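Biologist: I would like to test each term we use against its rule, so please begin with the rule for naming elements and pairing strands.

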Amino acid sequence: MTKTFRMDEAQPRLLDETGQGIVGAPLDRPEGPKKVSGRAAYAADGLPPHAAHGVLVRATISQGRITSIDESSVSGMPGVLGVFHGPTMIRNPAQGMAGAAPVQPDDEVHYHGQPIALVVAESFEAARDAAQRLTVNYEAEDGVITDPARSETHEQGDPETAGDFEAAFAASEVTLDRTYTTAPHAAAAMEPHAAVAEWDGDALTLRGALQMLRFNKKELADSLGIDAEQVRILSPYIGGGFGSKLGIGPEAVAAALAARELGRPVRVVMTRQNVFDSVLRRTETSQRLRLGADKDGRLRALSHDDRVSNIRDEGFAEPVSQASQFLYGAEGLSFTQTLARISRTPTGSVRAPGEAVGMLALEQAMDELAEELGICPVELRLKNLPDKNPMTDQPFSATRLADCLRDGAEQFGWADRKPMGERREGDWYVGMGMASAARSNMLIKSAARVRLTGEGAVVETDMTDIGTGSYAILGQITAEMLGLPIAQVEVRLGDTSFPGASGSGGSFGANSAGSATFLAAKAIRQTLAGRMGCSLSELTLQDGIARGGNREVPLSELVDAELVEEASVEAGGTSESHFSSGFGAHFAEVAVHAYTGEVRVRRMLGVMAMGRILNEKTARSQAIGGMIWGLGSALTEELSHDPRTGHLATRDLANYHVPAHADVPGELKVVFLEERDDMANPIQTKGIGELGISGAGAAILNAVRNACGARVYDMPATPDRVIAAMDAADF
Ligand code: MOS
C-alpha cells in the first residue's frame, strides 16, 4: 500500500525550481487531434459484437405510484429481448461523491420523465418502439406540487450565524432588503449520458460517461449488489460534465443489469430529451439578501436566506450562500436555507453549485447598496474585504481579490463608466457593471502512478478529463518534474484499474490528481538523485539530462529498468488552519435596446487569481467557458416547467438557450494574476473550472442597470423582463 501524504504544512515550491519550462505553458491538449478527427471513442461509440440496445422507459405521471408494468404488452414484438424494472434498477442518479448506491423510491414516481424501466431489443429502433408501447399502470396523486413557492418546505440545518445580525442590521445607517430568483439550469453537456455494459463471468466492464470513477465504481457495485473489485469502469473521453455526470446514473445500472440477465453486452444511450428530463438539474432559487452599512460604506450586517428545491427524500440542497459567508465581513452575519419538495426532475450539482446562483444575487445586492450609498461599486468591495473567513476565523491561504478589483478596473477602463442611463448610442443604452468572483478550493484524496524508462514517462490514474485539460496538465507536471520534453510523456486516464483519484468535480481535479502525480514524480526524482550520488535539492533534470554531484548523465543511461512510483495525497492540517478560495473580479459592458429590451454583451473582462496556473491555455478556456455560462444564467438559460404538471417544456438545445457564438462578445478577456497557494496542496494550485461562472452574470446584470435603469429581480433577464424593469426604473 502506498502511504498517503497528508497536507499538514506548506510545501516547497518545487515546480518553480525545476526549470524545464513546461508547467504553466499554454500547450495544446494532447488528445485534441483525436477528438476533432473523431478518433477519441466516447462511451456510446463502442458497440461490442452481439450487443443489444436498451431504451429507458420514463414515467408519464408527475407524482404517484406504479401499480403494475405489463411486460406482455411488448414481449411479443419483433426483436424485443426483455423488459427490466424493479427495485435494483435505479431511477435517481447518485449525487457526487456518494460512493454508494443512491436512495431509490420503490414504486413511487416523483416526477414526469423519471426512468422506471428499460426495454432491450436487437436494435435501437425496436427498443425505442417497445419502450413507447409498454403498458405501465399508475395510481396518480392529486394536487401535484411543482411550484416551490407553494410546496411544503423544511429548514436545512440550523441557521449559520456570526455576531448578531438583527442588532447590526437595526443599527445600520443604510439598509437594503431584496429578493432575487434564479431559474433552474441544465448542465447541457454535449455528450448525452450513455453506458455500454459487458460481463465476463461475474466481472463487469462498463464504458460510461462519468466524472468520478473512484466513486462511480462503488456506486455501481453497490447498486448491483456485487463487490467493487468485480467492476471496471472506462471513461477515457467525456464530452462535458459540469456536474451532470458526477454520480452513477440509471443508464449505467440498467445496462449492467440487462447485460447480466441476457448474457450479452447492452448499450443504453439517452436521447437529448432523456438527458433534459432525468439528469440532475440545478435548482431554481429564491434568495433574500439583507445588507446593512454605514454611510461610509462599511458593511455592518449581511444575511442571505435562500430557498432551493428537490424531490422527496433526496438530501442534496444547493449551498447557495457559500460565497456570501466568506466574501465580505460584517458585524452580524446570518444564513438560512429552506428546501422545497416538488415534483420536478431532482436537483444536484451543476457547475459551481452555490456560487453560480448565490453570487448572482449577492453581487447585485452589493451593486444596489453601492448605488444607495453613492459609492463606486469597486470601492464598496475594496472597503469590505476581510483578511480571514468571517464565519470560521480561518485566515485565507492566499487572496489577491483587492488586486483583481483594482487591476480589473484599470484594464477595463472603469473610470469611463457614466452615471445610469447617460450613455446612449442610437436606440441602445450602454452601461458597465462589475462583480467579485469567489469559489472555495479543495484537495480531495487522490492517487497516481508514474513510470519512467529511458524512453520517457507514463502517468496512470483513474482521473477523468471532461474537456478541461487533465491529459495536458498531468503530462506537464510529469515532464516538468522529470526533465522531459512533453512529447515523451504519455497520460492514461479514465480507467478504474489505475490508482484512484478525485475525479472531475468541484474544481478540485487538477489540484488533487495533479498533486498525486507530482508526488509520484518527486519519488522518482529521489531515486534518480540517489543514483547520481547527490541530494534531491542538488539534482536537476532538464531535456533528458540529469545533473548533480558534479556529473551529467543522460536519463536513458541512468534509467536501465523501468522506475515505477505511486503516490497518494489527501487534505490535512492546512485545510483546518486556513481557508482557501479562488478570487477574481468580473467586468462587463452591455448595450440594451431601448424598445425591445434585448441585451447585447459587448465585452467582458475577468481578472482572476487562481494559484499556480498549470497550463495557461486550458486555464483560460475554463475561465472563458465559465464567464460565458455566467452570461447564459444572467440572460438566457431557463428550464421551463409546465406549472400544472411539472412537465419540462425546454427539453432540447433549441429551447434551452445556452449562449451561442453570436451571443458572446468578441472581446472576452481573461487575466491571471500570479499567485501561489502554499496551504492548498503541494503544487500551490487552486481550482479553476468554476471561478469563471461565479459572479460573471451579476457583472452583466449590474451593467444592464447602469445602462438603462432596469434591475431585473427574476433571472434570466429576458427582453420581456428588461422592458418591464425599464418601465419601472426609478431614475
Ligand atoms: Mo462539478 S458541478 O462538481 O462537476
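Modeller: Helices (H or I, at least four residues) and strands (E, at least two) are DSSP runs that are numbered from the N terminus, and two strands are said to pair if DSSP finds at least two bridges between them. This is a predicted model, in which local features need pLDDT of at least 70 and side-chain atom pairs count only at pLDDT 80 or more, while totals for chains, interfaces and linings use all residues. Residues are numbered from 1 along each chain as its sequence is written, and side-chain values use heavy atoms, with hydrogens and water left out.

Biologist: How do you know that strand 18 and strand 19 pair?

Modeller: Strand 18 and strand 19 (residues 428-440) are joined by two bridges in the antiparallel sense, and two is enough, because the rule asks for at least two. At one of these places E425 has W428, in strand 19, as its bridge partner. Both strands belong to an open sheet of five strands in the order 18-19-27-28-29, with mixed pairing.

Biologist: What makes strand 18 and strand 29 the edge strands?

Modeller: Strand 18 (424-425) and strand 29 (667-672) each pair on one side only. Helix 15 (residues 616-635) lies across strand 27 (581-593), strand 28 (599-609) and strand 29, and it runs at about 130° to strand 29; such angles run from 0 to 180 degrees between N-to-C directions, and the axes are lines fitted to C-alpha atoms, for helices over the stretch in contact.

Biologist: Why is helix 15 called oblique to helix 16?

Modeller: Helix 15 and helix 16 (residues 696-708) pack at an angle of about 50°, with axes 7 Å apart. Angles under 35 degrees count as roughly parallel, over 145 as roughly antiparallel, 65 to 115 as roughly perpendicular and the rest as oblique, and therefore helix 15 is oblique to helix 16.

Biologist: Which residues make that contact between helix 15 and helix 16, and how do they divide by class?

Modeller: From helix 15 come M627, G630, L631, A634 and L635, and they meet A696, G697, I700 and L701 of helix 16, where contact means heavy atoms within 4.5 Å. These residues divide into seven nonpolar, two polar and no charged; Ala, Val, Leu, Ile, Met, Phe, Trp, Tyr, Cys and Pro count as nonpolar, Asp, Glu, Lys and Arg as charged, and the others, Gly among them, as polar.

Biologist: Then what makes helix 11 and helix 12 roughly parallel?

Modeller: The axes of helix 11 (residues 470-482) and helix 12 (residues 509-532) cross at roughly 25° and come within 9 Å, and the two helices are therefore roughly parallel to each other. The contact of helix 11 with helix 12 has ten nonpolar, three polar and three charged residues.

Biologist: Where else do helix 11 and helix 12 pack?

Modeller: Another open sheet of five strands has the order 1-26-20-21-22 and mixed pairing, with strand 1 (4-7) and strand 22 (489-492) at its edges. The twist of this sheet averages 25° from one strand to the next. Strand 1 pairs with strand 26 (residues 563-571) in the parallel sense over four bridges, and the bridge partner of M7 in strand 26 is A571. Helix 11 packs on this sheet, touching strand 20 (446-453), strand 21 (456-460) and strand 22, and its direction makes about 140° with that of strand 22. Helix 12 packs on the sheet as well, touching strand 1, strand 20, strand 21 and strand 26, with its direction at about 135° to that of strand 26.

Biologist: How do you know that R58 and D277 form a salt bridge?

Modeller: The closest N and O atoms of R58 and D277 are 2.7 Å apart, and the rule asks for a side-chain nitrogen of Lys or Arg within 4 Å of a carboxyl oxygen of Asp or Glu, so the pair qualifies. R58 in strand 2 (residues 52-58) and D277 in helix 7 (residues 272-278) are 219 residues apart and link distant parts of the chain. By this rule the count comes to 53 salt bridges.

Biologist: What makes the bond between M715 and P716 worth a remark?

Modeller: The peptide bond joining M715 and P716 is cis, with omega about 10°, whereas most peptide bonds are trans. P716 is placed in the loop between helix 16 and helix 17 (719-728).
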